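Here is a friendly walk through one model, from its sheet to its cores, a helix and its cysteines. Have a look at the structure first, and then we can go through it together.

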Amino acid sequence: MRLLLKLSGELLGQGEVSFENALKLAYILKECKNNGHEIVVVIGGGNLWRGRSHDEMNITDSDSIGMLATCMNAICLKSALKKIGVKSTVMSSINLKFTSDYNTDEALDMIKDQIIILAGGLGIPCLSTDTTAAIRGSELMVDNILKGTNVDGVYDCDPRSNPDAVKYDRLSFREAIDKNLKVMDISAFEVCKKNGIKLVVYNANDLNNIVKVCNGETVGTVVDNYE
């Protein structure tokens, strides 16, 4: 199965890029790869920079810093995978000398033999890594997008601030859009809906959940086109 893992940059640290944390994640990705899955990773940059938190800065400049943050995380993860004998390539949507430029055909050629790490978002500001994951997932014809969050699925409101929040085990994309659920950008939901890509939302703070969800175990919330 071809899977795209949308992972938070915070898995690599808080205010830093931790190689130790990257190694822990690398071992998990290696296990998923060894289980026969083709793996694409889109990693955020929130451990280093959150553009929406800097209200006084021009949004284009702020988002540009955020895109560079994702590249830093991607290179760190690639290095961790290399250390444990897993081949990977960082493909970036922004032109950097030390990453490969993103190319769909090249990614499809390499995906069977190595883990593809996508960095730099879509190369333009004002679009989140959620939208990046949905669009790249469509281009690379993934079966599922697996989104790791800080909670164990999709709720009707934030369970961290409301103890009465209700968790959904399964949702349609239409329900998620109509209810304006904040787990993913509406544009990302729309792309997944149009292309029939199943989305699984789970708690990635427990790294073992990544293996479980890659193997199809019932973890978190499934969002798909069911009616």
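## The sheet at the centre of the tour

Two strands count as paired here if DSSP finds at least two bridges between them. Please keep in mind that this is a predicted model. With that rule, S6 and S10 run parallel and are joined by six bridges, and one bridge partnership to look up is that of Gly148 with Tyr202 in S10. On the other pairing of S6 described here, S1 runs parallel to S6 over four bridges, with Leu4 having Ile145 as its bridge partner in S6.

These strands belong to an open sheet of nine strands with mixed pairing, in the order S4-S3-S5-S2-S1-S6-S10-S11-S9. Strand S4 (100-101) and strand S9 (170-172) form the edges, and each has a single partner strand, so one side of each has no neighbour in the sheet.

## From S10 out to S9

Where does the antiparallel sense come in? S10 and S11 pair that way over three bridges, and Val201 has Thr221 in S11 as its bridge partner. Strand S11 (residues 221-224) then pairs with S9 in the parallel sense, again over three bridges. In that pairing, Ser172 stands opposite Asp224 in S11.

## Inside S6

How many of the residues of S6 are buried? Six of the six are, so S6 is largely enclosed by the rest of the structure. In a regular strand, side chains alternate between the two faces of the sheet. In S6, Asn144, Leu146 and Gly148 point one way, while Ile145, Lys147 and Thr149 point the other way, and all are buried.

## Two nonpolar cores

The largest nonpolar core has 39 residues, and those with the most contacts inside it are Leu5, Leu29 and Ile210. Two or more residues of this core come from each of S1, helix H1 (19-34), S2, helix H2 (59-83), S5, strand S10 (198-203) and helix H7 (208-214). Apart from it lies another core, of 31 residues, including Val42, Met91, Ile111 and Leu181.

Leu29 is a handy place to start exploring the 39-residue core. Leaving aside residues up to four places away in sequence, Leu29 touches Leu5, Ile39, Val41, Leu77, Leu81 and Ile115. As for H1, this helix lies across S1, S2 and S5, and runs at about 150° to S2.

## Helix H4 and the loop before it

Which residues of H4 are buried? They are Asp130, Thr131, Thr132, Ala133, Ala134, Arg136 and Gly137. These buried residues pack against strand S1 (2-7), strand S2 (38-43), S5, strand S6 (144-149) and helix H6 (186-195). At the N-terminal end, H4 is capped by Ser128, with a side-chain oxygen 3.1 Å from the backbone nitrogen of Asp130. Just after H4, Met141 takes a positive phi of about 55°.

Leu127 sits in the loop between strand S5 (115-119) and helix H4 (129-139). Its relative accessibility is 37%, so Leu127 counts as partly exposed. Not counting residues up to four places away in sequence, Leu127 touches Asp63 and Leu122. Leu127 and Asp185 are 58 residues apart along the chain, and their C-alpha atoms are separated by 9.2 Å.

## Asn209 in H7

Asn209 is placed in helix H7. Is this residue buried or exposed? Asn209 is buried, with a relative accessible area of 12%. Setting aside residues up to four places away in sequence, Asn209 touches Tyr202, Asn203 and Val219. Tyr202 has appeared already, as the bridge partner of Gly148 in S10.

## The cysteines

A disulfide is a covalent bond between the sulfur atoms of two cysteines. The cut-off used here is a pair of cysteine sulfur atoms within 2.5 Å, and by this rule the count comes to zero disulfides. Why does Cys192 have no such bond? The closest cysteine sulfur, in Cys214, is 16 Å from the sulfur of Cys192, which is too far for a bond.

The surroundings of the cysteines can be looked up too. Cys192 is buried, with a relative accessible area of 0%, whereas Cys157 is partly exposed at 30%.

Notes
Residues are numbered from 1 along each chain as its sequence is written. This is a predicted model: local features need pLDDT of at least 70, side-chain atom pairs count only at pLDDT 80 or more; totals for chains, interfaces and linings use all residues. Side-chain values use heavy atoms; hydrogens and water are left out. Buried means under 20% relative accessible area, exposed over 50%, partly exposed in between (1.4 Å probe, protein chains only). Contact means heavy atoms within 4.5 Å. A polar contact is a pair of N or O atoms within 3.5 Å; within protein, one must be able to donate a hydrogen and the other to accept it, and residues adjacent in sequence count only if both atoms are side-chain atoms. A nonpolar core is a set of buried Ala, Val, Leu, Ile, Met, Phe, Trp, Tyr and Cys residues joined through side-chain atoms within 4.5 Å. Axes are lines fitted to C-alpha atoms, for helices over the stretch in contact, and angles run from 0 to 180 degrees between N-to-C directions.
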